[in-house]
Amino acid sequence: MADFIRVWKEVDIEDVRQHLLIVGEARGDCSSCRALGIDYSSTKTCPNCNTVFKYVASRTREIKKIKTKRPDLIFIDMEDYKKITGRLKAQDLFSSKKLPE
Ligand SMILES: [Zn+2]
C-alpha cells in the first residue's frame, strides 16, 4: 500500500521562492513574478518571467493528482512555505526598524 507522508528536508528558501509553482483550484501561479492562470499540469517554465519551476505547492489537498501530473517537481507543503516566508517577512520588518548599533 502506498500513501503520502511529508518528509523533512533542508532547502534554500530563496531558491524555493524563485522556482515555485503554486497550484490553486484549477490553475497555478508563479511565486517569482505572481503570474496567474498557469496550466500546472504541463508548464515547465513561467510564461511570464521564464523562471524554471522546480517546486510545486498546493492550496488544495489534491496532492495525489498533482504528484501524478508533475513527478518532475519537488512537492513542498504550502503551510510550511507560508510559515517560513511569513517569518522572514516579519524579520525584515523588524530589522529595518532596528536602530543602528
Ligand atoms: Zn513568473
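Two strands are said to pair when DSSP finds at least two bridges between them, and strands themselves are DSSP runs of E that hold at least two residues, numbered from the N terminus. With that in mind, one can take a single position in this predicted model and find that L21 stands opposite V56 in β3. From this one pair of residues the rest of the structure can be explored step by step.

It helps to begin with the whole protein before returning to that pair. The protein contains 3 helices and 4 strands, and when these are read along the sequence they follow the pattern α-β-β-β-α-β-α. The C-alpha trace spans about 55 × 35 × 20 Å along its principal axes. Of the 101 residues, 19% count as buried. Among contacts between residues at least 6 apart in sequence, 34% join residues at least 24 apart.

The strands come together in an open sheet of 4 strands, whose order is β2-β1-β3-β4 and whose pairing is mixed. Because β2 (28–30) and β4 (74–75) stand at the edges, each has a single partner strand, and one side of each is left without a neighbour in the sheet.

What sense of pairing, parallel or antiparallel, links each strand to its neighbour can be followed across the sheet, beginning with β1 and β2. These two strands run antiparallel and are joined by 3 bridges, and they form a hairpin with 4 residues between them. Within this hairpin, V23 stands opposite G28 in β2.

On its other side in the order of the sheet, strand β1 (residues 20–23) is joined by 4 bridges to strand β3 (residues 55–58), and here the two strands run parallel. The partners can be traced along the strand: L20 has Y55 as its bridge partner in β3, L21 stands opposite V56, and V23 has S58 as its bridge partner.

The next step leads from β3 to β4, which pair in the parallel sense over 2 bridges. Y55, already met as the bridge partner of L20, stands opposite I74 in β4. To pass from β3 to β4 the chain crosses through helix α2 (residues 63–69), and this β-α-β crossover is right-handed.

With the sheet laid out, the reader can look at what surrounds strand β1. Both of its faces are covered, since L20 and I22 on one side and L21 and V23 on the other are all buried. The largest nonpolar core has 13 residues, and those with the most contacts inside it are L21, I22, V23, I38, Y40 and V56. Strands β1 and β3 each supply at least two residues of this core, while β1 gives the most to it, with 4 residues.

Two residues show how the parts of the chain meet around this strand. Leaving aside its neighbours within four places in sequence, I22 is in contact with G28, D29, S31, A57 and R59. One of these contacts, G28, lies in strand β2. Is G28 buried or exposed? A residue counts as buried if 20 or more other C-beta atoms lie within 10 Å of its own, and G28 is buried because 26 other C-beta atoms lie within that distance. Again leaving aside neighbours within four places in sequence, G28 is in contact with L21, I22, V23, I38 and Y40. The C-alpha atoms of G28 and A57 are separated by 9.3 Å, although the two residues are 29 residues apart along the chain.

The loop between β2 and β3 offers a contrast. R34 has its place in this loop, and N50 is found in this loop as well. A residue counts as exposed if 12 or fewer other C-beta atoms lie within 10 Å of its own, so R34, with 11 such atoms, is exposed, and N50, with 10, is exposed too.

These loop residues also call for a look at the backbone. Most residues other than glycine have a negative phi. Phi of R34, however, is near 70°, a positive value in a residue other than glycine, and phi of N50 is near 65°, which is likewise positive in a residue other than glycine.

Notes
Residues are numbered from 1 along each chain as its sequence is written. This is a predicted model: local features need pLDDT of at least 70, side-chain atom pairs count only at pLDDT 80 or more; totals for chains, interfaces and linings use all residues. Two residues are in contact if their C-beta atoms, placed from the backbone, lie within 7 Å. A nonpolar core is a set of buried Ala, Val, Leu, Ile, Met, Phe, Trp, Tyr and Cys residues joined through C-beta atoms within 7 Å. A crossover is right-handed if, with the strands pointing away from the viewer, the path from the first strand over the helix to the second runs clockwise.
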